[in-house]
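Reader: I am new to this structure and would like one part of it examined closely, with the reasoning spelled out step by step. Please choose a part of the surface to begin from, and then lead me on to whatever belongs beside it in the account.

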Amino acid sequence: MVAQNVAFWIFAAFMAAGAIRVVTTDNIVHAALWLVLVLAGGAAQFILLGQEFVAWVQVIVYIGAVIVLFLFGIMLTRAPMEAEEKLNNNLRWPGLAAALLFAGTLAWAFLDQWGSDKIKLTKPVRTKEIGDLVFRGYLVPFEVVGVLLLAALIGAVVMARKD
Amino acid sequence: MLLNQFLLLSAFLFGTGIYGVITRKHTVLVLASVELMLVAVNINMVAFGATLNNAVGQVFALFVLTIAAAEVGVGLAIVLLIYRNLRSANPDDASVLKG
């Protein structure tokens with residue numbers, strides 16, 4: 001348990017630093033690459049929790065596909081590749097206030113409700129259980145999500161093509 | 001491990017995402033900040049799933065992941081369209097609907 005806690009705090013420190021760099025760096029490509037660090041840290045936390053299927057899905061879908069999409073978006077909008085102009089507007093203090101207020105409220109609610117609840121890990125969750133759940137109890141949401149993905153695909157193609 | 005350490009990490013990531021959405025001047029970076037928030041939500045789902053010792057948290061996290069992928073695809077298409085029409089990726093410039 002001690003080793004898991006140490007690993008958690010190491011990953012959490014990397015994720016926090018990466019998240020702060022994502023929202024503050026003046027180089028657009030670097031922001032996307034810092035996002036990779038946060039996502040990889042999230043996958044590591046999932047493995048730490050014994051939930052490995054979603055961890056690998058996170059690696060494949062987020063780091064493999066979404067980040068590549070982001071880099072394409074950066075290139076296609078001809079974003080400045082070097083840090084030549086500031087990428088943050090002058091709303092720093094209102095933004096900070098909103099973020100602190102929200103995160104503070106969340107943290108207070110969490111501490112109030114789950115003050116000392118422990119996670120007792122018995123065994124890793126196997127992929128078979130996820131398959132059973134998705135194709136039995138959550139079959140209708142699964143199909144709906146499939147239709148939504150198809151609609152998003154067609155919508156993105158229709159919007160982005162030149163005619 | 002305490003459940004709370006995961007929840008507090010996710011609260012921090014969500015707050016950072018809010019800050020990014022408010023302060024970023026490039027639409028792709030605003031979308032990246034939205035991704036930060038979705039990752040925070042996923043950590044919550046998986047942590048609660050691990051607490052309950054079943055796979056439901058993972059199933060919900062998978063749904064969130066799917067929606068996030070669809071959102072990025074459509075979002076970047078919209079960003080591209082705005083850039084093509086306005087020659088700018090700054091969300092402040094897309095103010096045609098402003099009264």
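Author: A residue is called exposed when its relative accessible area is over 50%, buried when that area is under 20%, and partly exposed in between. With that cut-off in hand, and with the caution that this is a predicted model, we can begin with Val157(A), which lies in helix 6 of chain A, the run of residues 139–160. Val157(A) has a relative accessibility of 51%, and because this value is over the cut-off of 50%, Val157(A) counts as exposed. Val157(A) is also one member of a nonpolar patch on the surface, where it is joined by Leu150(A), Leu153(A), Ile154(A) and Val158(A). Together, these five residues have about 470 Å² of accessible area.

Helix 6 of chain A has a part in a second feature as well, since it is among the elements that give two or more residues to the lining of a pocket, as set out below. The pocket in question is the largest one, and its volume is about 270 Å³. Its lining is made up of 17 residues, and those closest to the centre of the pocket are Leu69(A), Ala156(A), Gly73(B), Val74(B) and Ala77(B). Besides helix 6 of chain A, the elements that give two or more residues to this lining are helix 3 of chain A (52–76) and helix 3 of chain B (56–86). The most is given by helix 3 of chain B, with seven residues. By class, the lining of the largest pocket holds 15 nonpolar residues and two polar ones, with no charged residue.

Charged side chains do come into view in helix 5 of chain A, which covers residues 127–135 and holds Lys128(A) and Asp132(A). These two residues form a salt bridge in which the closest N and O atoms are 3.5 Å apart. They stand four residues apart in the helix, and so they are separated by about one helical turn. Asp132(A) also meets Arg136(A) in a salt bridge, at 3.8 Å from N to O, and Lys128(A), Asp132(A) and Arg136(A) are thereby linked in a network. Over all chains, the structure holds two salt bridges. The same cut-offs apply to the three partners: Lys128(A) is exposed, because its relative accessible area is 56%, and Arg136(A) is exposed at 64%, whereas Asp132(A), at 31%, counts as partly exposed.

There remains the enclosed space to consider. A search of the whole structure finds one cavity of 30 Å³ or more, and the largest cavity contains about 30 Å³ of space. Chain A supplies Leu49(A), Gly50(A), Gln51(A), Leu121(A), Thr122(A), Lys123(A) and Val125(A) to its lining, while chain B supplies Ala50(B) and Asn53(B). By class, this lining divides into four nonpolar residues, four polar residues and one charged residue.

Definitions and conventions:
Residues numbered from 1 in each chain as written. Chains lettered and ligands numbered in written order. Predicted model: local features only at pLDDT ≥ 70, side-chain atom pairs only at ≥ 80, totals over all residues. Heavy atoms only, no water. 1 Å grid on protein atoms, 1.4 Å probe; cavity = no way out; pocket = protein on both sides within 12 Å on 5 of 7 lines; lining within 4 Å. Points joined across faces, edges and corners; volume = space filled by probe spheres on them. Nonpolar A, V, L, I, M, F, W, Y, C, P; charged D, E, K, R; others polar. Patch = residues over 30% accessible without salt bridge, like charges linked within 9 Å, V, L, I, M, F, W, Y side chains within 5 Å. Areas by Shrake-Rupley, 256 points an atom, 1.4 Å probe, with all protein chains shown as cover. Salt bridge = Lys/Arg side-chain N within 4 Å of Asp/Glu carboxyl O. Buried < 20%, exposed > 50% of the residue type's maximum accessible area, 1.4 Å probe, protein only.
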